[in-house]
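Q: I am new to this structure and would love a close look at a single part of it. Could you pick one helix and walk me through its surroundings?

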Amino acid sequence: MSTLAELWDNAEQAQPEKVALISSGQRLTYREAGERIRKLRAAFESKWHLRQGDIVALLLPNSIEFVVSYFATVMAGGVVQPLDERLSSAELQALLLDSRARFVVVHRSLWLKLKDARGALQYIEGILGIGITYEGAARYDEWLASEAVSPRDSPVMPDDPAELMYTSGTTGEPKAAMRSHRNARAACRNSRKGFGYSSQDIIAIVMPLSHSSALASQMMPLIELAGTLVILDKFDTAALLAAIKNERVTCLRAVPSMIKLLLALPEFCMEQLPSVRMIINSSATIDPDLYVTLKQRFRDVLIMNSYGLTEASTCTILTDAAAMTRPDSIGRPIEGIEMGVIDNEGNLLADNEIGEICVRGEHVFSGYRGRPQETSAAFIRGWLRTGDLGYRDAEGYYYLQGRQSEMINCGGRKVMPQEVEECIRQIPEVADVVVVPMAHRVLGHVGKALVVLRVSGSLDAKAIIRHCSRSLANYKVPFTVEFVAEVPRNSLGKVLRRAIPASSPPVLIAS
């Protein structure tokens with residue numbers, strides 16, 4: 001298994017004059033992008049004296065500069081730390097202090113946010129700014145203009161670290177998942193196999209490149225195949241539809257919330273977007289009704305679902321044909337990936353038994369940086385513990401039943417929040433819902449449902465509890481229902497459970 005430096009070099013050598021990157025009015029061929037990468041790498045080495053293993057944080061929106069900075073870093077032997085542009089200054093400070101990044105590449109639109117992370121800046125030795133003229137930040141365009149191409153070979157080996165990907169922190173403190181070049185290349189190979197990408201594909205990237213889903217399952221496999229990336233700096237339905245039409249995009253990967261907004265537009269259909277051959281749902285389970293609507297709009301287009309996590313990238317694929325009969329499944333493992341369902345002791349369970357989903361293979365991360373205890377706890381008998389509860393059916397399809405850490409222990413009985421949430425989503429007036437544990441002096445914990453209505457006041461709490469009582473065992477019925485304006489989610493659509501207040505006044509307590 002080769003390195004990420006070789007991944008780019010092979011693509012450039014195979015298709016030097018093919019358009020590689022399209023973004024914000026720029027179009028770069030593989031040769032032109034390669035020249036920028038080599039110049040920036042030379043600047044990193046000569047001006048920053050970047051050493052092997054040094055961490056370079058990228059605080060950038062989706063852009064050509066992100067791709068160039070990423071490959072310049074890994075070719076020089078550095079480790080990329082992508083930072084989500086939606087993070088607050090306090091969150092950025094926490095991540096930079098945790099990683100002890102030596103250098104930062106920052107876009108002008110995010111400079112003030114970084115500047116407010118003062119506690120971390122004292123440890124930063126160099127800042128490279130894109131479109132920034134502030135004192136203390138070197139200029140990206142000047143570095144590209146002044147540096148000669150470095151003639152040296154890349155010093156990295158397959159097992160050297162390449163990325164620090166911070167977990168989303170939906171249920172706790174974010175941790176830095178270390179991914180080697182070997183891990184990243186294996187994840188890239190898995191995505192190519194699972195989705196069937198080809199060198200002729202043109203993919204629209206609207207999900208943030210700071211997250212594993214876009215980075216490992218979209219950017220990397222398309223570059224490895226010498227395909228074309230159409231990079232949008234943010235999700236905007238009009239801009240995305242224009243890009244699909246103008247650039248004849250063939251592949252689109254999006255989260256359910258994005259798909260829902262796109263489906264609100266009548267022009268988001270096969271007849272108006274004839275170049276599209278594949279749409280992939282990612283990062284969160286898609287509602288079966290949403291899937292059916294999507295398939296009706298794009299009858300002859302492959303509609304796929306997938307499952308993965310920061311520590312292992314994409315692991316399963318739900319193919320178009322299977323999704324029609326199993327819309328609630330996350331699919332089957334990609335060829336070459338081992339998966340199973342285990343009990344608390346790490347014993348593999350039989351089909352249809354609920355336990356913790358586990359995976360293993362070269363794509364699995366190296367460990368959590370600086371956290372040996374958490375790394376040890378993440379593995380059992382050679383398996384990576386995903387933290388997701390679920391089961392496998394007799395035909396090898398996997399189904400999620402919630403998170404191990406989110407399971408509610410109600411009087412000794414286990415309640416999977418996802419099962420209750422799916423029940424409540426069947427109510428037409430409900431737009432969104434999340435079920436969380438609430439302390440109870442007798443039962444230990446009971447469920448609390450936070451419900452978003454499509455129209456405020458269109459439903460009362462008693463109606464929701466009556467609905468659940470007809471479909472669920474009594475211990476699974478929410479003890480409390482609370483109406484909220486929205487369910488907090490991250491940029492990938494995952495519920496930010498740590499952002500939900502621990503206590504809030506209930507609307508109704510069921511007896």
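A: Here is a tour of one helix, its partner helix and the sheet beside it. Please keep in mind that this is a predicted model.

Let's start with helix α9, which covers residues 212-224. Its axis and that of helix α3 (residues 64-75) come within 13 Å and cross at roughly 80 degrees. Angles of 65 to 115 degrees count as roughly perpendicular, and therefore α3 and α9 are roughly perpendicular to each other.

Which residues meet where α3 and α9 touch? From α3 come Phe66, Val67, Tyr70 and Phe71, and they meet Leu215, Met219, Met220 and Ile223 of α9. This contact is made up of eight nonpolar residues, with no polar and no charged ones.

Now for the sheet. It is open and mixed in its pairing, with nine strands in the order β2-β1-β11-β10-β12-β13-β14-β15-β16. At the edges sit β2 (26-29) and β16 (332-333), each of which pairs on one side only. Helix α9 packs on this sheet, where it touches β10 (202-205), β11 (228-231), β12 (251-254), β14 and β15 (313-318). The direction of α9 makes about 155 degrees with that of β10.

Within the sheet, β13 (residues 278-281) and β14 (residues 302-309) run parallel and are joined by four bridges. One of the residues involved is methionine 278, whose bridge partner in β14 is leucine 302. Helix α11 (residues 256-263) also packs on the sheet, touching β12 and β13. The direction of α11 makes about 120 degrees with that of β12.

Definitions and conventions. Residues are numbered from 1 along each chain as its sequence is written. This is a predicted model: local features need pLDDT of at least 70, side-chain atom pairs count only at pLDDT 80 or more; totals for chains, interfaces and linings use all residues. Side-chain values use heavy atoms; hydrogens and water are left out. Axes are lines fitted to C-alpha atoms, for helices over the stretch in contact, and angles run from 0 to 180 degrees between N-to-C directions. Helices (H or I, at least four residues) and strands (E, at least two) are DSSP runs, numbered from the N terminus. Angles under 35 degrees count as roughly parallel, over 145 as roughly antiparallel, 65 to 115 as roughly perpendicular and the rest as oblique. Contact means heavy atoms within 4.5 Å. Ala, Val, Leu, Ile, Met, Phe, Trp, Tyr, Cys and Pro count as nonpolar, Asp, Glu, Lys and Arg as charged, and the others, Gly among them, as polar. Two strands pair if DSSP finds at least two bridges between them.
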